[in-house]
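Reader: Please take a close look at the interior of this protein, and at how the buried part relates to some individual loop and surface positions. I would like one connected account.

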Amino acid sequence: MARVLEICGRAWLVAVRVLYTDQMRDWQLHLILLFLFSAAPVIGEEPSDDAEISFFESRIRPALVEHCYECHSSEAGFREGGLHVDTRESIRAGGESGPAVVPGKPGESWLLKAISHADSDLIMPPQGEQLDESLVADFRRWIERGAADPRDSIPGASKTWSPADAIDHWAYQSPASPIAPVIETDWNRSDIDLFVLEKLRAAGLSPSVDASPETLLRRVTFDLTGLPPEPTKIEEFTQRVKAHGLDGALGDEVDRLLASDAYGERWARHWLDVARFGESSGKEANITFPYAWRFRDYVIDSFRDDVPLDQFLTQQIAGDLLPASDDAQRTRLLIATGFLALGPKNLDAADPRQFEADLIDEQIDAVTRVFMASSLACARCHDHKSDPFSMEDYYALSGVFASTKTFFGTAVSPANRVGGDPLRLPGLATTPVLHRSITAAKVAELKAQKAALEKERVDKGRALTLRDALRIFWQTGGIEGQLEKFDDQGRALPLAMGVLEADVIRDAPLLVRGDVNRPGDVIPRRLPSNVKVKRPPEIDLNQSGRLALAHWLARPDHPLTARVFVNRVWSHLFGEGLVSSVDDFGTTGQFPSHPDLLEYLAIRFVEQDWSVKRLIREIVLSRVYRQSSAFDPEAFEVDPENRMLWRMSKRRLEAEAMRDAMLAVSGELDLDPPLGSLVGRVIGDRPVSLVGLDKRLPPDLDGSLHRSIYLPVLRDRLPAVLDVFDFAEPSLVTGKRETTNVPTQALYLMNSDFVAERAAAMAKRLKAESDGDTSELIESAFLYCYGRRPSTEETELVGSFLRAGSKSDRSERLERCCQSLLSTAEFRLLD
């Protein structure tokens with residue numbers, strides 16, 4: 001397959017020659033060109049199901065345990081209806097009614113019909129209690145996406161853990177400083193290269209030659225900034241290479257890129273993927289989070305300013321508990337805690353206890369998966385089946401977050417109050433505010449309206465109709481959502497998402513099978529017992545324990561934190577982590593391809609004060625990163641997945657980089673960051689609130705010329721370009737995105753107004769810059785799009801196409817040519 005991909009890169013030239021000499025009509029030629037450009041294979045692997053397994057563990061397994069195991073598990077001692085649901089094979093085999101779950105086919109999965117109450121003869125749970133619509137929707141999504149299920153075929157056959165397992169598994173051991181191999185070579189530029197070279201030589205392989213300066217510049221510019229290099233920068237770089245050599249020229253260029261604002265925006269987006277950043281609650285209600293943008297901007301600033309990771313981590317978990325010198329610093333630290341408030345929420349939950357339990361579970365899952373690549377959330381209903389985490393570990397952390405008040409500030413505040421309050425920031429001038437002040441009289445009017453609605457509800461009592469009840473419910477919520485934005489004088493308040501210590505600090509009970517109706521013994525708050533650090537911090541009994549948790553994670557000898565982060569960085573730069581399961585360092589995850597290199601990077605990262613920029617700089621200046629992506633059939637036979645790093649793997653640009661590149665080459669990209677987000681702004685007379693019902697939202701939310709990181713991220717309502725090109729699921733921790741190659745991507749490139757408009761603007765730019773010289777125009781087009789000059793054959797073919805026909809339609813031909821260039825595989829691939 002890899003050899004096929006190497007050949008496909010130029011196949012379009014042959015097709016163009018054949019088609020053009022057959023004198024096809026221009027529009028037909030354009031369409032076929034576009035298909036050839038856009039349908040080229042994408043370099044990448046089949047989509048990973050890590051995210052789907054995470055979805056199963058956090059959403060599906062707890063529901064099965066809570067609602068189904070009592071009657072349909074081996075533990076129950078009998079098989080009601082012939083059905084067990086406690087293994088992958090048994091739930092798919094089903095019982096007397098047939099297969100309970102058919103992967104990819106929700107219509108044939110009778111379990112979904114039963115929990116939906118779609119058939120009166122088949123209802124689960126049998127007591128008549130109907131599951132929340134959001135939970136039913138989770139099951140539907142799970143089945144539609146293949147019903148990923150990591151459970152073993154025999155109940156209890158999964159590996160059970162003991163303290164010895166925690167000692168034995170490599171990821172739970174404190175990093176030990178490795179000694180770099182001693183190799184006679186002048187190839188290396190750092191110790192990174194020596195670790196890789198040692199493994200290559202042991203396998204009888206050699207590293208690839210360096211990529212060309214133009215290819216390397218395009219690679220490192222996209223990797224560090226998410227933008228293509230300007231033609232002038234390409235020329236400057238190649239001249240510096242000739243004058244001073246590649247080492248010095250590349251070092252200077254990397255320093256310039258790391259110092260740019262674009263670097264902060266690029267690497268912040270990587271973090272937002274794992275932080276499950278979203279600007280609405282998701283689930284059935286899907287109400288907007290109008291203040292989520294503040295956390296996005298905090299992350300951008302943090303990467304731009306190279307905030308050390310140990311501080312970055314601590315601020316997000318316990319920023320409200322850190323000292324601050326002034327209101328501006330206090331504001332920043334409070335906004336940082338938005339990390340704990342961003343997750344999806346079931347705002348339709350009827351039981352506030354269940355809502356709180358799910359909120360805490362999501363926070364535990366996020367913290368442990370993001371920073372440890374291990375999920376304690378799997379121990380909510382039972383001891384973890386493969387990693388050293390018990391239910392006691394889980395509920396000890398549950399007490400930490402039960403002692404934390406979460407402020408997520410929905411655009412409207414439902415009367416049941418699960419809509420959540422926003423977090424008030426200190427002062428009135430410490431941060432921008434999107435909503436305008438109102439008069440004190442307007443505040444009084446809103447309070448009077450709220451009181452009238454409450455009086456109506458009380459006066460009507462049992463005579464209140466369902467329609468009136470819903471009207472009062474939503475009108476009251478809307479008024480409360482407005483009132484919380486202003487003080488009594490009507491001055492607009494700065495608000496955010498975040499957390500504070502709860503009014504009552506408490507331990508949490510262990511919930512049998514995760515059921516809020518079956519509380520057991522109260523578990524004292526503490527840190528996970530089987531992940532060892534020297535001198536672990538103690539939890540202050542008068543605090544929630546979040547600060548101790550953050551300090552524990554940030555310990556230099558913590559076995560997971562530094563390893564997990566450097567592996568995430570490596571994955572973004574090479575397309576695959578040293579540990580390929582970037583979100584799973586547990587016993588079910590993958591073993592590192594280069595264990596000593598991972599240790600070296602983790603220890604060096606801590607020694608260099610947790611500096612992300614210094615880590616990235618060292619990696620991209622290595623000889624390993626410089627390698628060409630050229631195919632070597634002999635090396636491919638030995639290592640077809642390139643795990644030994646004998647070349648640089650080709651990678652597809654993420655959706656944001658692809659979109660930003662189109663704006664950049666067309667000359668339209670607005671590099672100034674916008675204020676806030678579409679979600680936080682008022683449209684007409686009020687802000688957007690209900691994502692699914694608000695008709696004021698445009699069909700496609702991509703109407704901006706700013707960088708893609710500033711596009712709205714509404715759960716279940718993404719801008720088209722993000723949705724089509726494998727954007728990270730905003731409800732899940734996503735360390736590595738899927739890379740798919742599907743027809744809808746080619747159709748988007750052909751039919752999207754966004755792509756057509758960029759092509760028109762690019763054509764206009766090329767005409768203005770070339771002053772009528774077709775050869776110069778073609779050279780500029782290739783430099784903008786591909787970072788290289790066209791070959792003689794490419795110049796002749798494109799020139800023939802542009803010069804054909806009458807002069808009156810040459811502008812249209814140029815636009816179509818530009819759209820074809822923007823739609824090629826080469827445009828969206830990093831070589």
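Author: Of the protein's 831 residues, 57% count as buried. The model is a predicted one. It contains 34 helices and 10 strands. Contacts between residues at least 6 apart in sequence are joined in 70% of cases by residues at least 24 apart.

The largest nonpolar core has 185 residues. Trp-271, Leu-601 and Ile-616 are the residues with the most contacts inside this core. Helix α17, which covers residues 352-372, gives the most to this core, namely 10 residues. Ile-616 can be followed in detail: apart from neighbours within four places in sequence, Ile-616 is in contact with Leu-224, Leu-258, Tyr-263, Trp-267, Val-569 and Leu-573. A second core, separate from the largest one, has 28 residues, among them Val-65, Leu-111, Trp-142 and Cys-381.

Some loop positions can be set beside the cores. Ser-581 sits in the loop between α22 (561-574) and α23 (595-607). Ser-581 counts as buried because its relative accessibility is 6%, and buried means under 20%. The side chain of Ser-581 reaches the backbone nitrogen of Gln-590 at 2.8 Å.

Two further loop residues are notable for their backbone angles. Most residues other than glycine have a negative phi. Lys-283 has a phi near 60°, a positive value in a residue that is not glycine. Lys-283 is placed in the loop between α13 (261-274) and α14 (293-304), and with a relative accessible area of 23% Lys-283 is partly exposed. Asp-609 also is not a glycine and has a positive phi, of about 60°. The loop that holds Asp-609 runs between α23 and α24 (612-620). At 54% relative accessibility, Asp-609 counts as exposed, since the cut-off for exposed is over 50%.

That leaves the outside. The accessible surface of the protein comes to about 34100 Å², and carbon and sulfur atoms account for 52% of that surface. Leu-466, Leu-470 and Trp-474 form a nonpolar patch on the surface; together these residues have about 320 Å² of accessible area. Trp-474 belongs to helix α20 (residues 466-483). Its relative accessibility is 35%, so Trp-474 counts as partly exposed.

Technical notes. Residues are numbered from 1 along each chain as its sequence is written. This is a predicted model: local features need pLDDT of at least 70, side-chain atom pairs count only at pLDDT 80 or more; totals for chains, interfaces and linings use all residues. Side-chain values use heavy atoms; hydrogens and water are left out. Patches are made of residues with over 30% relative accessible area and no salt bridge: like charges are joined within 9 Å, nonpolar side chains (Val, Leu, Ile, Met, Phe, Trp, Tyr) within 5 Å. Accessible areas come from the Shrake-Rupley method with a 1.4 Å probe; for residues, only the protein chains shown count as cover. A salt bridge is a side-chain nitrogen of Lys or Arg within 4 Å of a carboxyl oxygen of Asp or Glu. Helices (H or I, at least four residues) and strands (E, at least two) are DSSP runs, numbered from the N terminus. Buried means under 20% relative accessible area, exposed over 50%, partly exposed in between (1.4 Å probe, protein chains only). A nonpolar core is a set of buried Ala, Val, Leu, Ile, Met, Phe, Trp, Tyr and Cys residues joined through side-chain atoms within 4.5 Å. Contact means heavy atoms within 4.5 Å. A polar contact is a pair of N or O atoms within 3.5 Å; within protein, one must be able to donate a hydrogen and the other to accept it, and residues adjacent in sequence count only if both atoms are side-chain atoms.
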